[in-house]
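User: I should like to work through this model by question and answer. Please reason briefly each time and finish on the value or name requested.

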Amino acid sequence: AGVGVGGGGRGSVLRQLGAHLEREQQIGAQLKRALSYPAFVLLLAGVVVFIMVTFVLPALRSLMLEWGGQMPWATRWLVAGAGLVRENLAILALGHLLMISGAWAYGRTLPGRRLRDRLLLRVPQLGRAILYSNLARASRTLSLLLRSGVLLGDSLGFMRQTMENVPLQEALAEVQVKVAEGQLLSQAMAS
């Protein structure tokens, strides 16, 4: 809506913006569906490892001890660690819950979002996908606004609002300031 107001409220701009937002929603839904399966597999793998370490390995240890066998040192350490986890499960669960709650609350603040987004940009493959997704969305928005007659400075402000990544928003804010000071867009983006 802010884009349409900035562009003088032209009907064609609003139609193009509506189509643009619809495409963005479809892409977002596809991305969530694509990531749900790997997340489920990762969760299931974690559950399997937990069951193996807390139930299967101790049973194997008892069986090995009955037969007079000796487990390798790595397995002994793993079984000892599993015993500690089993004995302190309530405390560990509470600690994890508090850590997750604290991370979630911090992630809702601007510094938390900035840190999360900066870390996500550094993840191999995922960081590149986030960067390209934000740049593609911002480029389409900039193109739409410039075609509709919105000034470059205002367009950069609207473009920044379409970005979901805080460090990228901040970088674009610096570009917007440099363009307002008279630099060419290409020069401002290169520095």
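User: Is Arg114 buried, exposed or partly exposed?
Analyst: In this predicted model, Arg114 has a relative accessible area of 23%. Buried would require under 20% and exposed over 50%. Therefore the class of Arg114 is partly exposed.

User: With which residue does the side chain of Arg114 meet in a salt bridge?
Analyst: The contact runs from N to O over 2.7 Å, and a salt bridge requires such atoms within 4 Å. It links distant parts of the chain, since Arg114 belongs to helix H5 (residues 110-122) and its partner to helix H8, 56 residues apart. The partner is itself partly exposed, at a relative accessible area of 30%. That partner is Glu170.

User: How many salt bridges does a search of the whole structure find?
Analyst: Side chains of opposite charge can pair when their charged atoms come close. One of the pairs is Arg114 with Glu170, another is Asp117 with Arg116, and Arg137 with Glu164 is also among them. The number found in the whole structure is 3.

User: In the salt bridge of Asp117 and Arg116, which residue counts as buried?
Analyst: The two side chains meet at 3.2 Å, N to O. Arg116 has a relative accessible area of 38%, so it is partly exposed. Asp117 has 4% relative accessibility, and buried means under 20%. The buried residue is Asp117.

User: How many residues apart in sequence are the parts tied together by Arg137 and Glu164?
Analyst: The closest N and O atoms of this salt bridge are 3.9 Å apart. Arg137 counts as buried at 11% relative accessibility, whereas Glu164 counts as exposed at 58%. Arg137 lies in helix H6 and Glu164 in the loop between H7 and H8, so the separation in sequence is 27 residues.

User: What is the relative accessibility of Asn165?
Analyst: Asn165 is placed in the loop between H7 and H8. Leaving aside residues up to four places away in sequence, Asn165 touches Asp117, Leu121, Ile130 and Asn134. Asn165 counts as buried, with a relative accessibility of 2%.

User: Which helix gives the largest share of the largest nonpolar core?
Analyst: In soluble globular proteins, nonpolar side chains tend to be buried together. The largest core here has 10 residues, including Leu142, Met159, Leu172 and Val179. Two or more residues come from each of helix H6 (126-147), helix H7 (152-162) and helix H8 (166-180). The largest share, 4 residues, comes from H8.

User: Which residues does Ala188 touch, not counting those up to four places away in sequence?
Analyst: Ala188 is itself a member of the largest nonpolar core. Contact requires heavy atoms within 4.5 Å. The residues touched by Ala188 are Val175, Lys178, Val179 and Gln183.

User: How many residues does the second, separate core have?
Analyst: Among the members of this second core are Val53, Leu57, Met71 and Ala82. The core is separate, and its size is 5 residues.

User: What is the geometry of the aromatic pair formed by Trp73 and Trp77?
Analyst: The count of aromatic pairs comes to 1. Trp73 and Trp77 are 4 residues apart in helix H3 (residues 73-87), which means a separation of about one helical turn, and both are exposed. Their rings lie 6.5 Å apart, centre to centre, with 85° between the planes. Planes over 60 degrees apart fall in one class, and the geometry of this pair is edge-to-face.

Terms used
Residues numbered from 1 in each chain as written. Predicted model: local features only at pLDDT ≥ 70, side-chain atom pairs only at ≥ 80, totals over all residues. Heavy atoms only, no water. Core = buried A, V, L, I, M, F, W, Y, C linked by side-chain atoms within 4.5 Å. Buried < 20%, exposed > 50% of the residue type's maximum accessible area, 1.4 Å probe, protein only. Phe/Tyr/Trp six-rings, centres within 6.5 Å; stacked < 30°, edge-to-face > 60°.
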